[in-house]
Amino acid sequence: MHEIEFLSVVSDQTAVCSYLPEQTARMPLAIPVSGLCAEQFDQLLEAGYRRSGWYFYRTRCPSCRACEPLRLEVEHFCPSRSQRRAESKGAQYLRTELAAPTIDSNRLELFNQHRIERSLSHGDDVVDEQDYRSFLVNSHTAVVELSLWHDQRLVAVSITDVGCQSLSAVYCYFDPQYAWLNPGTYAILQQIALARSRNFRWLYLGMMVAGNSHLKYKANFRPHQRRIDGSWRAFD
């Protein structure tokens with residue numbers, strides 16, 4: 001099922017796809033058989049895996065190939081005009097903090113607000129502290145929180161995994177009232193800056209799904225590579 005020798009599959013079921021509801025999804029969940037080093041984490045990202053809590057997964061859907069892992073080689077990334085505007089406005093109005101992940105009422109409220117107002121909850125219950133920790137904070141690799149602030153108000157949070165030569169954007173949520181600042185775009189630009197400051201080669205942005213309005217924006221960051229049929233292809 002996978003060629004990563006240090007992973008063990010613990011669950012393999014089909015379900016209705018949360019990205020394209022007309023499709024059937026299959027994403028086997030796997031965990032490392034022992035401790036995971038930073039180089040092994042990079043290997044998983046290279047092979048197209050994503051993290052959700054303690055688990056790693058990549059799509060094995062029976063009749064759909066819409067999910068395409070996307071990564072940026074940060075040295076070659078060139079922002080578009082709109083991304084430069086977002087960077088300029090973000091630098092003017094927002095303060096960026098980098099720290100270990102925090103779980104508090106402020107973040108939980110913002111996380112749930114983001115899910116509800118952007119129709120991402122799919123009818124699920126409100127996320128509590130345990131859910132948040134299980135989804136974002138529990139990790140076999142180093143994880144940091146990049147937060148954006150307007151004065152003393154939390155505007156956005158981007159949870160980011162750290163490998164040896166790679167960063168992986170796990171999840172970003174933001175206050176919809178600050179959409180005029182494009183906080184999602186600005187958070188990615190800040191992750192690119194972080195990767196460059198550490199001399200990392202890659203920033204992985206997760207799945208790009210052309211038919212999903214919440215995920216197709218990732219293709220706007222160019223040049224990039226997308227993993228299609230088992231190999232990375234360049235898109236300039």
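**Exercise 1. How many bridges join β9 to strand β10, and in which sense do the two strands run?**

Solution. The structure is a predicted model.
Step 1. Locate the strands: β9 comprises residues 142-150, and β10 comprises residues 153-162.
Step 2. Count the pairing: nine bridges join β9 to β10, and the two run antiparallel.
Step 3. Identify one pair: Ser147 has Val157 in β10 as its bridge partner.

**Exercise 2. Determine the strand order of the open sheet and identify the strands at its edges.**

Solution.
Step 1. Eight strands make up the open sheet, and their order is β8-β9-β10-β11-β12-β7-β13-β14, with mixed pairing.
Step 2. β8 (95-99) and β14 (231-235) each have a single partner strand, so one side of each lacks a neighbour in the sheet; these two stand at the edges.
Step 3. On average, neighbouring strands of this sheet are turned by 30 degrees against each other, direction ignored.
Step 4. The mixed character can be followed on both sides of β12. β7 is joined to β12 by six bridges and runs antiparallel to it, with Glu68 and Met208 as bridge partners. β11 and β12, by contrast, pair in the parallel sense over three bridges; there, Ser168 has Tyr204 as its bridge partner.

**Exercise 3. Establish whether Val144 is buried or exposed, and describe its surroundings.**

Solution.
Step 1. Val144 lies in strand β9.
Step 2. The relative accessible area of Val144 is 14%; the cut-off for a buried residue is under 20%, so Val144 is buried.
Step 3. Leaving aside residues up to four places away in sequence, Val144 touches Leu98, Ala99, Pro101, Ser158, Ile159, Thr160 and Val162.
Step 4. Val144 and Pro101 are 43 residues apart in sequence, yet their C-alpha atoms are 5.7 Å apart.

**Exercise 4. Characterise helix α5: its placement, its span and its burial.**

Solution.
Step 1. Helix α5 (residues 183-197) lies across β7, β8, β9, β10, β11 and β12, running at about 155 degrees to β11.
Step 2. With 1.5 Å a residue, a span of 21 Å is expected for the 15 residues of α5; the end C-alpha atoms are 21 Å apart, which agrees.
Step 3. Twelve of the 15 residues of α5 are buried, so the helix is mostly covered. Among the buried residues are Tyr186, Ile188, Leu189, Ile192 and Leu194.
Step 4. After α5 comes Asn199, whose phi is positive, near 60 degrees.
Step 5. Together, β11, α5 and β12 make a right-handed β-α-β unit. In β12, seven of seven residues are buried.

Methods:
Residues are numbered from 1 along each chain as its sequence is written. This is a predicted model: local features need pLDDT of at least 70, side-chain atom pairs count only at pLDDT 80 or more; totals for chains, interfaces and linings use all residues. Side-chain values use heavy atoms; hydrogens and water are left out. Helices (H or I, at least four residues) and strands (E, at least two) are DSSP runs, numbered from the N terminus. Buried means under 20% relative accessible area, exposed over 50%, partly exposed in between (1.4 Å probe, protein chains only). Contact means heavy atoms within 4.5 Å. Two strands pair if DSSP finds at least two bridges between them. Axes are lines fitted to C-alpha atoms, for helices over the stretch in contact, and angles run from 0 to 180 degrees between N-to-C directions. The expected span of a helix is 1.5 Å times one less than its number of residues. A crossover is right-handed if, with the strands pointing away from the viewer, the path from the first strand over the helix to the second runs clockwise.
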